[in-house]
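Subject: Handing over the structure

Hi there,

Here is the structure I promised to pass on to you. Have a look at it first, and then read on for what turned up.

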Amino acid sequence: MMRLACLLALTATLLFTAPAWGGESKLSLNSVLHIVLNNHPDLALARIQEQSLHIERQNIEGILDPRISLAGSLSDETTPTTSPFAPSGNSIRLLSGNITKLLTDGATLKGSFNYSRTKVSYPGSVPTFFQATINPTYQQQIDLIYRYPLLRGHGNPTYNEQITSNQFNEQAARWQVAIQQEQLAAQAIRLYYQIASNVIAKKLAKEAVLRANKLLNYQKKRQQFGLIDDTDRRQTEALLASHKMTLANAKATLNSSITALNRLMLRDATQPIQPNINVTSQTFKIAPIQTWLEQAKQQRPIFHMLDAQLAANDATLILNHDQHDTQVDLIAQVGSRSLSGSAGYTFGQGFTLNDRFISIGVELNDTLGGKSTQAAILKTELERERIHLLRKQAIENIETALSNALTFYHNGKMIKAASKLHEQAEQIKFTTELKRYRDGRSDTATLIQFEGDLRNAELQAALQDIQIQLSKQQIELATGNLLKDLDITP
């Protein structure tokens, strides 16, 4: 009897010794997030929009660039005449140019000049005293025109509001990059903890296979002594095949999640990942949902992006209202005139006001009905309403995410406490059954089942630890603290 008890005790030791777990290097969640958020190509694509808007700013600034034009021409014209005293031709050399500058207050300053040489030709039959005494003649005209908008264009919203809108759109694009970072971080967190869960599932399945294998080997030895028949052994073989299938599924699921996270980090798909989850190192303080929600409003990029879009919308609305106004411009013009037979004298007199042109006037332009500009205003106001609705939607989504994560956290704590009691009860049950087994009052199948129940209880508690840690990370991500603590900027 003592020999049988020793044999049973040795068998139990062989059956239920936990295997050593793998020696892969562990990878922390922070390391995963830094790798993903520093290298992922989606972020580079998101930054293209910001760069495009920065280039667009140069285009808008070009509105104030002065515009210059120069022209020169030579012409020679000979025409038939009906009068014997009329000139028969003109030879004209013309040089002209202008420069236009839009000022920041909306006014436009334009300067222009024309300098020409005109020579008249006469038929040979025209007596000299009938011909022009000054030939050729030189003429110069210089004008300075100042146009000041009284309604449409006053304050130059075409420039100022477009610049303002562009600046805020740049900010919005930058925050859009941060939103993309949050989305990638959420994927990384989900895959990281999924791998941790899959590791436990694989470990559970592997231990089940080992238990079934050891049971089958033990039954084969007993069958040699005629203590069991083929039916018991075949049942164990079926149990082993089932556990092997479960293990294969667990490995496949784990491999898939490892591949997904590796590719998210732009690493080789088969590179091993062993999550490093320390359930005792992280401190976590529960706060009211509204407190967390206020943190999110201050820190989450979605709100910064919407604020920037709203500011850009304000600038666009001002511009559209300006375009809808009637154009009423005050126009002042002063210019010099000179004409003589001397090229130098004409040129010099053009810079004096001995002969001059001065005027002041008002010009009005409008489009009757203004349906196009009114539609632009309505469209901008509708966009403003959309931004407000997106803000409300973001608040509701974040509150939902916080509520769900907090519920999962509390549920994990509650289930973990129950799992601990369950684990203790299973430990007592297994210890008692092991004593019965050693005394020959129990069978191997029952002992195997009880040991499996104990392992399941232990692993259930471990899964709850993962759920609790996942809930913490989801709350940190929802409040905006996660990327802030990682010091990751868009």
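Below is a short tour of the sheet, the helices and a few single residues.

Please keep in mind from the start that this is a predicted model.

**The sheet**

A good place to begin is the open sheet, in which six strands follow one another in the order β2-β3-β4-β5-β7-β8 with antiparallel pairing. Its edge strands are β2 (67-78) and β8, each of which pairs on one side only. On average, and ignoring direction, neighbouring strands in this sheet are turned by 15 degrees against each other. As a general reminder, the strands of a sheet pair through backbone hydrogen bonds, either parallel or antiparallel.

You can walk along part of the sheet pair by pair. Strand β4, residues 108-121, runs antiparallel to β5 and is joined to β5 by eleven bridges. If you want a spot to click on there, Tyr 115 stands opposite Gln 140 in β5. Strand β5 covers residues 137-149 and pairs with β7 over twelve bridges, again in the antiparallel sense. Here Tyr 146 has Ala 332 of β7 opposite.

The next step takes you from β7 (residues 327-340) to β8, and these two antiparallel strands are joined by ten bridges. Two pairs of residues mark this step: Leu 330 has Val 362 as its bridge partner in β8, and Ser 336 stands opposite Arg 356, also in β8.

Is β8 buried or in the open? Strand β8 spans residues 356-365, and of these ten residues the number buried is zero, so the strand lies largely in the open.

**The helix α4 and its neighbours**

Next, turn to helix α4, which runs from residue 157 to residue 224 and has 68 residues. From its first C-alpha to its last, α4 reaches 98 Å, close to the 100 Å expected at 1.5 Å a residue. Gly 226 follows α4 and has a positive phi, near 75 degrees.

How does α4 lie against helix α7? The axes of α4 and α7 (residues 301-324) come within 8 Å and cross at roughly 160 degrees. Angles over 145 degrees count as roughly antiparallel, so α4 is roughly antiparallel to α7. The crossing in which α4 passes α7 is left-handed. As for what makes up the contact between α4 and α7, its residues divide into 15 nonpolar, eleven polar and three charged.

Helix α2 (residues 29-39) also packs with α4, at an angle of about 140 degrees and with the axes 10 Å apart. That angle makes α2 oblique to α4. The crossing of α2 and α4 is right-handed.

**Residues with a positive phi**

In general, most residues other than glycine have a negative phi. Two residues in this model are worth a look with that in mind.

One of them is Asn 156, which is not a glycine and yet has a positive phi of about 55 degrees. Asn 156 sits in the loop between β5 and α4. With a relative accessible area of 3%, Asn 156 is buried.

The other is Leu 266, also a residue other than glycine, with a positive phi near 60 degrees. You will find Leu 266 in the loop between α5 (230-264) and β6 (274-275). Leu 266 is partly exposed, and its relative accessible area is 41%.

**Two more residues to look up**

Ser 372 has its place in helix α9, which covers residues 371-438. Is Ser 372 buried or exposed? Ser 372 counts as exposed, at 62% relative accessibility. Although Ser 372 and His 324 are 48 residues apart along the chain, their C-alpha atoms are separated by 8.5 Å.

Leu 463 belongs to helix α10, residues 444-479. Its relative accessible area is 29%, and Leu 463 is therefore partly exposed. Between the C-alpha atoms of Leu 463 and Lys 251 the separation is 17 Å, while the two residues are 212 residues apart along the chain.

That is the tour, and I hope it helps you find your way around.

Best wishes

Note on methods
Residues are numbered from 1 along each chain as its sequence is written. This is a predicted model: local features need pLDDT of at least 70, side-chain atom pairs count only at pLDDT 80 or more; totals for chains, interfaces and linings use all residues. Side-chain values use heavy atoms; hydrogens and water are left out. Helices (H or I, at least four residues) and strands (E, at least two) are DSSP runs, numbered from the N terminus. The expected span of a helix is 1.5 Å times one less than its number of residues. Axes are lines fitted to C-alpha atoms, for helices over the stretch in contact, and angles run from 0 to 180 degrees between N-to-C directions. Angles under 35 degrees count as roughly parallel, over 145 as roughly antiparallel, 65 to 115 as roughly perpendicular and the rest as oblique. A crossing is left-handed if the near helix is turned anticlockwise from the far one by less than a right angle, and right-handed if clockwise. Ala, Val, Leu, Ile, Met, Phe, Trp, Tyr, Cys and Pro count as nonpolar, Asp, Glu, Lys and Arg as charged, and the others, Gly among them, as polar. Buried means under 20% relative accessible area, exposed over 50%, partly exposed in between (1.4 Å probe, protein chains only). Two strands pair if DSSP finds at least two bridges between them.
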